[in-house]
Amino acid sequence: MQFDILTLFPEMFQGPLSTGLFQRADSRGLVAVNLHNIRDHTHDRHHTVDDYPYGGGAGMVLKPEPIFETVESLQSEMPSEQAATLPIILLTPQGRLFSQPIAEELSRHPQIVLICGRYEGIDERVREYLVTDEISIGDYVLGGGELAAMVIIDAVIRLLPGVLGSEKSSLDESHATGLLEYPQYTRPPVYRDWPVPEVLLSGNHAHIAEWRREQAIIRTLKRRPEMLERARLDNKEERLIERLKQPR
Ligand code: SAM
């Protein structure tokens, strides 16, 4: 999968792109990130990328020309059919809220473009006439879209086949099943008088799977009860929830 990132600060990506999961995915040829400095597509002596907002107000606004030109130069290098369906995503606190289903949706594309804004934001014509999607990573305002792009890349690449050590790793995780994940333990079996639940040491895989599923439901009910409305549960699990909801 290929990510093309438009940014004024390509150096911000150096750390995340040279460590951990990303590095593994890159070395296996499963993912490529191309960083495009928006400033390279300016034509004036000062490489101007921003200007004052029409109508006044605080801060500067990113100009449309370098952003359009960067995307169009990318598109000119690909077959026209691919260029026409290329997802061009603007990172903005005004976009749809990023989530695991959106990460899954993005992971099905061979290539996506992420546009990182800065300052007061981007000229509205970019949003109206260039981008195909707008994503926010949360209801707060960041100084720029770079961290948001990194969050999205991280969440998406771990879903690509071959990136995680075990393909099953991402299937059980919080949000993948509509539930939060069950509690995890590792050695030692007893730490400061706090034992690991016995069932996990039993070697009985059916009991372990049942315990984990139940714990995931209990945890979700306690922390994110609204998620249960969308989770796929069988009758026994529905009854368990009803029981848990009863006042003790
Ligand atoms: N004035 C803009 C507004 O109120 O919507 C916010 C601009 S913000 C300071 C600068 C840039 O950071 C945005 O253009 C966007 O690319 C990025 N950004 C900020 N918060 C974000 C969020 N929650 N999700 C994704 N991108 C965000």
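1. Domain bounds here come from an automatic or database domain assignment. With that in mind, this predicted model splits into domain 1, residues 2-157, and domain 2, residues 190-245. Taken over C-alpha atoms, the centres of domain 1 and domain 2 sit 39 Å apart.

2. A quick look at the backbone next. The peptide bond running from R187 to P188 is cis, and its omega is near 5 degrees. As for where that falls, P188 belongs to the loop between α7 (146-157) and β8 (190-191).

3. H47 caught my eye too. This residue is not a glycine, yet its phi is positive, near 50 degrees. You'll find H47 in the loop that connects β2 (32-37) with β3 (50-51). Is H47 buried, partly exposed or exposed? Its relative accessible area is 39%, so H47 counts as partly exposed, given that the partly exposed class runs between the 20% and 50% cut-offs.

4. D193 is another non-glycine residue with a positive phi, this one about 70 degrees. D193 is in the loop between β8 and β9 (194-195). D193 counts as exposed because its relative accessibility is 72%, and the exposed class starts over 50%.

5. On to the pockets. The largest one has a volume of about 490 Å³. Its lining is made of 26 residues, and those closest to the pocket centre are L91, T92, P93, E120 and G121. By type, the lining of this largest pocket breaks down into eleven nonpolar, nine polar and six charged residues.

6. Which element gives the most to the lining of the largest pocket? That would be β5, with five residues. At least two lining residues each come from β5 (88-97), α6 (124-129) and β7 (133-136).

7. The second largest pocket holds about 310 Å³ of space. What I'd point you to here is the mix of domains: at least three residues of this lining come from domain 1 (2-157), and at least three from domain 2 (190-245). If you want to select the lining in your viewer, take S99, Q100, P101, E104, H175, A176, T177, G178, R224, M227 and R230. Sorted by type, the lining of the second largest pocket has three nonpolar, five polar and three charged residues.

Conventions. Residues numbered from 1 in each chain as written. Predicted model: local features only at pLDDT ≥ 70, side-chain atom pairs only at ≥ 80, totals over all residues. Heavy atoms only, no water. Helix = DSSP H or I, 4+ residues; strand = E, 2+ residues; numbered from the N terminus. Buried < 20%, exposed > 50% of the residue type's maximum accessible area, 1.4 Å probe, protein only. 1 Å grid on protein atoms, 1.4 Å probe; cavity = no way out; pocket = protein on both sides within 12 Å on 5 of 7 lines; lining within 4 Å. Points joined across faces, edges and corners; volume = space filled by probe spheres on them. Nonpolar A, V, L, I, M, F, W, Y, C, P; charged D, E, K, R; others polar.
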